[in-house]
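Thanks, everyone; I would like to take a few minutes to walk through one model, beginning with how its parts are arranged and ending with what lies inside. Please have the sequence and the structure open as I speak.

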Amino acid sequence: MSNIGSYEERLKNFDWSIAEKELGYEEGDKLNIGWYCSDRICEMGKKDKIALYWEGHSGKERKFTFDEIRIDSNKIGAFLRSLGIKAEDRVCLFMDKIPELYIGFLGVLKIGAIAQPLFSAFGDESLHVRLDNAKTTAILTQRKHVGKVRRLLAKSPYLKHIIIVDHDGKKPLKDREISFDMENYEAPKDFEIHQTTAESPSVLHYTSGTTGQPKGVKHVHYSIISQYLTAKWVLDLQPDDIYWCTADPGWVTGTSYGIIGPWSQGITQCVLDVGFSAENWYKFIEKNQVTVWYSAPTAIRSLMKAGEKVVQKFDLTSLRHLASVGEPLNAEAVVWSEKVYGHPFLDTYWQTETGSMMLTNFPGMKIKPGSMGKPFPGITATVVDTKTFEPITEPSKIGLIAFKPGWPAMMRTYWENEETYKSKFKNGWYLPGDRAYIDQDGYFWFVGRDDDVINTGGHLVSPFEVESALLEHEAVAESAVVSKPDEVNMEVVKAFVTIKPGYEINDMLELKIMNFIRKKLSPLAMPQEIEYVDNLPKTRSGKIMRRLLHAKEWGEEIGDTSTLEDDE
Ligand code: WT7
């Protein structure tokens with residue numbers, strides 16, 4: 001029997017207090033995610049149960065029981081406190097997927113500070129704008145990434161502590177740097193968890209929009225209520241499961257379902273900190289006997305590309321339940337996974353701002369391959385008209401996805417950007433910025449984004465950020481950035497550029513431009529192609545019409561360009 005049981009029954013009786021009761025939480029109580037994910041599990045008698053199996057490069061392994069993650073997160077909390085870090089200070093986690101990242105996340109939350117996880121592959125500029133926006137006090141990082149932090153010190157006066165978790169004592173520490181060795185740090189005797197409550201801020205994840213800098217999505221400790229229940233019902237986590245979430249905690253999937261969801265119910269999880277290859281992944285599943293696997297469409301398409309033969313080299317019979325998030329999951333991927341693994345990947349839809357799953361396919365449900373499924377119980381979801389923002393009642397008519405605000409994990413605001421936060425609500429609905437339709441059976445089908453944001457391999461890229469980086473190069477006069485189709489990543493970044501007089505378009509110039517923007521952008525945002533043009537299409541008011549370029553790349557009808565010129 002699956003955890004969710006009958007969806008219809010759940011809908012009838014649903015209340016988020018179901019999760020509150022299971023977690024032993026009552027309104028007004030103190031509430032701390034760090035405590036829930038470690039201390040409480042130990043108190044429930046699972047001290048010696050494995051919380052984390054970790055594997056890194058060249059087969060290096062580490063494992064931690066729930067008691068060990070409790071103690072180690074206390075150590076990190078105590079150490080941060082000893083530096084003077086207080087509740088609500090922002091502490092950035094800038095590490096590969098090493099245990100210190102997962103445990104450090106809990107440690108930061110335990111002292112009431114705000115965890116700001118950032119993807120370790122970010123370059124100087126991507127890191128700087130996010131630290132600068134949050135005025136981050138401390139950063140936990142590794143030797144291999146500290147160079148990036150050092151380069152932005154002069155312009156980051158607020159950043160007081162650079163904590164290196166793997167300092168081997170060989171090279172001297174520099175300005176503001178300090179070493180923290182989780183293994184050998186003395187465990188604090190009476191560590192007190194900060195008395196956070198439901199609405200205390202917990203996590204700050206950054207996400208890209210169409211315009212402006214990336215926005216900090218502010219979450220609170222109460223988010224655990226939805227993360228716990230969705231992980232239980234949709235991922236169907238059972239006490240003996242070995243769970244694998246392939247996402248990096250630099251992104252919301254890696255925290256909501258790579259830390260909080262599984263650990264709040266005392267589930268053993270495993271983490272693989274090596275680059276992707278079909279062999280590596282299958283070997284990891286076989287070795288750890290993974291039962292529940294949460295991944296993303298780009299990875300699944302890469303596995304499809306690697307083919308069925310390599311699947312047969314491994315014993316993957318431990319797998320019981322597979323789910324996916326981040327981008328449209330094509331019907332073929334659902335059908336293929338059922339054929340080769342014996343279980344289909346079930347699609348889930350949500351975003352950084354929603355904090356937890358919104359539209360879901362879950363065990364026991366009739367799966368329509370290609371559909372995002374149905375709203376999780378407690379989520380009121382519809383599609384609304386693009387002009388009136390009234391719900392569309394006609395089946396299969398396209399509109400904007402809309403959610404009734406009020407589920408526990410919903411973001412509370414964008415960091416110091418209340419205005420943009422407010423602009424996400426229309427007519428009482430929260431609009432995530434995606435288009436979809438609902439079929440006659442109540443299934444949601446993804447159509448596309450409602451803005452120019454590019455979703456490449458599950459990562460959102462702001463065309464504006466890429467255009468701005470290009471414009472800073474001395475030879476670039478104008479730029480327009482759109483997506484183009486790609487077999488594995490679904491879409492990749494393409495830039496159109498006009499060059500200033502006096503410059504010659506050649507390979508050398510292209511190399512220079514690429515090297516220039518590489519320093520400014522995250523590797524995920526790098527254009528796969530630059531096309532040099534004489535002019536860019538513009539509206540009458542002089543705005544570049546990305547949509548026209550986009551349509552060309554995707555072989556879509558451009559339609560009536562006179563109306564295109566007027567709008568935007
Ligand atoms: C955007 C959110 C939440 C996890 C990672 C992404 C797109 C997400 C699906 C899906 C089609 C999807 C949407 C959404 N997206 N899931 N199942 N089907 N599109 O978080 O970086 O905040 O991106 O990803 O466009 O708005 P994110």
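The centres of domain 1 and domain 2, taken over C-alpha atoms, lie 30 Å apart, and I should say at once that what we are looking at is a predicted model. Domain 1 runs over 7-436 and domain 2 over 454-554, and the contact between them draws on 22 residues from domain 1 and 21 residues from domain 2.

How much area is buried between domain 1 and domain 2? The figure is about 1700 Å², with carbon and sulfur atoms giving 57% of that area. On the side of domain 1, Ser 208, Thr 210 and Arg 301 supply 24% of the area buried against domain 2, which is more than any other three residues.

As for polar interactions, the rule finds zero salt bridges across the interface of domain 1 and domain 2, whereas five residue pairs, both partners at pLDDT 80 or more, are in polar contact. The elements of domain 1 that give two or more residues to this side are α7 (124-134) and α12 (297-306), and of these α12 gives the most, with four residues.

Let me turn now to the interior. The largest nonpolar core has 101 residues, and the members touching the most other members are Phe 105, Leu 235, Tyr 243, Trp 263, Tyr 294, Phe 403 and Trp 407. Helix α6, residues 99-110, contributes seven residues, the largest share of this core. In soluble globular proteins, as a general matter, nonpolar side chains tend to be buried together.

Which residues does Trp 263 touch, if we leave aside those up to four places away in sequence? The list comprises Tyr 36, Cys 37, Ile 41, Ala 51, Leu 52, Phe 66, Ile 69, Tyr 102, Leu 106 and Gln 269. There is also a second, separate core of 27 residues, which includes Ile 285, Val 290, Val 311 and Ala 333.

Finally, consider helix α9, residues 224-233: ten of its ten residues are buried, and therefore the helix is largely enclosed by the rest of the structure. The buried residues of α9 include Ser 226, Gln 227, Thr 230 and Lys 232, alongside others such as Ile 224, Leu 229 and Trp 233. What covers the buried residues of α9 includes α1 (7-13), α2 (17-22), α3 (33-37) and α10 (252-263).

Conventions. Residues numbered from 1 in each chain as written. Predicted model: local features only at pLDDT ≥ 70, side-chain atom pairs only at ≥ 80, totals over all residues. Heavy atoms only, no water. Core = buried A, V, L, I, M, F, W, Y, C linked by side-chain atoms within 4.5 Å. Buried < 20%, exposed > 50% of the residue type's maximum accessible area, 1.4 Å probe, protein only. Contact = heavy atoms within 4.5 Å. Domains from an automatic or database assignment. Buried area = accessible area lost by both parts, 1.4 Å probe. Salt bridge = Lys/Arg side-chain N within 4 Å of Asp/Glu carboxyl O. Polar contact = N/O pair within 3.5 Å; in protein donor to acceptor, adjacent residues only side chain to side chain.
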